[in-house]
Amino acid sequence: MAKEFSKYDADPVKYYKQFNAVNSVNQASYTVDVGYERFLAPEVFFNPELVSSDFLTPLPDIVDTCIQVSPIDTRRGLYNNIVLSGGSTMFKDFGKRLQRDIKRIVDGRVKKSEDLSGGRLQAKPIDVNVIAHKKQRHAVWFGGSIMACTDQFYQFSHTKAEYEEHGPSICRHNRVFESLA
């Protein structure tokens with residue numbers, strides 16, 4: 001990250017962008033200079049302690065933990081098919097960074113297990129593949145809209161009356177996954 005700061009400081013004309021806009025309420029024009037924020041915004045996913053002491057777990061650790069709590073026979077497939085979705089994943093090289101960081105975690109765990117075995121066990125390398133795609137920005141909305149078009153949508157939805165009866169805790173109950181069991 002220090003390298004990024006020095007790059008921006010060395011050539012501010014190249015890296016700082018200026019945006020002009022008009023306030024929609026009072027029609028006053030204003031200018032915003034954007035510099036360090038261009039790399040600090042996505043960095044929050046990988047170093048959350050930059051902005052909050054309440055959330056300290058980086059995204060690669062969260063993804064790795066989610067995969068590790070899955071059944072052991074599905075883990076290789078999950079590591080090989082990490083799919084990005086949502087606008088926040090559209091930052092330049094976000095997928096490459098996530099893949100690199102998860103790969104480091106996985107390779108460290110494999111090496112540690114080989115070391116603990118005293119060299120008797122040789123693990124098969126685990127492929128980590130983070131997939132970026134054309135519909136990545138709207139993938140969540142796209143999947144939700146497809147679900148809403150199906151006949152089963154109303155079977156899996158919570159009604160307003162149910163929400164009013166049970167309150168927000170009803171959101172913890174997911175009928176979709178219940179039906180798959």
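## Aromatic pairs

The structure, which is a predicted model, holds 3 aromatic pairs. In one of them, the ring centres of Phe 45 and Phe 94 lie 5.3 Å apart and the ring planes stand at 85°, so this pair is edge-to-face. The pair bridges distant parts of the chain, since Phe 45 belongs to helix H3 and Phe 94 to helix H6, 49 residues apart. The two partners can also be described by their accessibility. Phe 45 has a relative accessibility of 28% and therefore counts as partly exposed, whereas Phe 94, at 3%, counts as buried.

Another edge-to-face pair is formed by Phe 153 and Tyr 154, with 5.2 Å from centre to centre and 75° between the planes. Phe 153 is partly exposed, its relative accessible area being 26%. Tyr 154 is exposed, with a relative accessible area of 68%.

## Surroundings of Phe 45

Phe 45, Phe 46 and Phe 94 make up one aromatic cluster. Beyond its neighbours within four places in sequence, Phe 45 is in contact with Pro 58, Leu 59, Pro 60, Ser 88, Phe 91 and Phe 94. The contacts of Phe 45 thus include Phe 94, its partner in the edge-to-face pair.

A separation in space can also be given for Phe 45. Its C-alpha atom and that of Gln 27 are 35 Å apart, while the two residues are 18 apart in sequence.

## Helix H6

Helix H6 covers residues 94-116, a total of 23 residues. At 1.5 Å a residue the helix should span 33 Å, and its end C-alpha atoms are indeed 33 Å apart, so the expected and the computed spans agree. After H6 comes Gly 118, which has a positive phi near 75°.

The buried residues of H6 are Phe 94, Gly 95, Leu 98, Asp 101, Ile 102, Val 106, Val 110 and Glu 114. These buried residues pack against three helices and two strands: helix H3 (37-46), helix H4 (59-68), helix H5 (75-80), strand E3 (82-83) and strand E4. Phe 94, already described as the partner of Phe 45, is one of the buried residues of H6.

## Salt bridges

Side chains of opposite charge can pair when their charged atoms come close. A search of the whole structure finds 9 salt bridges. In one of them, the side chains of Arg 97 and Glu 43 meet at 2.9 Å, N to O. This pair links distant parts of the chain, with Arg 97 in helix H6 and Glu 43 in helix H3, 54 residues apart. Arg 97 is partly exposed, at a relative accessible area of 22%, and Glu 43 is buried, at 10%.

Asp 64 forms a salt bridge with Arg 109, in which the closest N and O atoms are 2.3 Å apart. Here too the pair links distant parts of the chain: Asp 64 lies in helix H4 and Arg 109 in helix H6, 45 residues apart. Asp 64 has a relative accessibility of 6% and so counts as buried, whereas Arg 109 is partly exposed, with a relative accessible area of 33%.

## A network of charged residues

Asp 101 forms a salt bridge with Arg 100, and the closest N and O atoms are 3.1 Å apart. Asp 101 counts as buried because its relative accessibility is 13%, below the cut-off of 20%. Arg 100 is partly exposed, with a relative accessible area of 40%. Through salt bridges that share partners, Glu 43, Arg 97, Arg 100 and Asp 101 are joined into one network.

## Gln 136

Gln 136 is located in the loop between strand E4 (130-131) and helix H7 (139-148). This residue is buried, with a relative accessible area of 4%. Apart from neighbours within four places in sequence, Gln 136 is in contact with Leu 84, Ser 85, Gly 86, Thr 89 and Met 90.

## A nonpolar surface patch

Phe 19, Tyr 30 and Val 32 form a nonpolar patch on the surface, and together they have about 280 Å² of accessible area. Phe 19 is part of strand E1 (residues 17-22). With a relative accessibility of 48%, Phe 19 counts as partly exposed.

Technical notes
Residues numbered from 1 in each chain as written. Predicted model: local features only at pLDDT ≥ 70, side-chain atom pairs only at ≥ 80, totals over all residues. Heavy atoms only, no water. Patch = residues over 30% accessible without salt bridge, like charges linked within 9 Å, V, L, I, M, F, W, Y side chains within 5 Å. Areas by Shrake-Rupley, 256 points an atom, 1.4 Å probe, with all protein chains shown as cover. Salt bridge = Lys/Arg side-chain N within 4 Å of Asp/Glu carboxyl O. Helix = DSSP H or I, 4+ residues; strand = E, 2+ residues; numbered from the N terminus. Buried < 20%, exposed > 50% of the residue type's maximum accessible area, 1.4 Å probe, protein only. Contact = heavy atoms within 4.5 Å. Expected span 1.5 Å × (residues − 1). Phe/Tyr/Trp six-rings, centres within 6.5 Å; stacked < 30°, edge-to-face > 60°.
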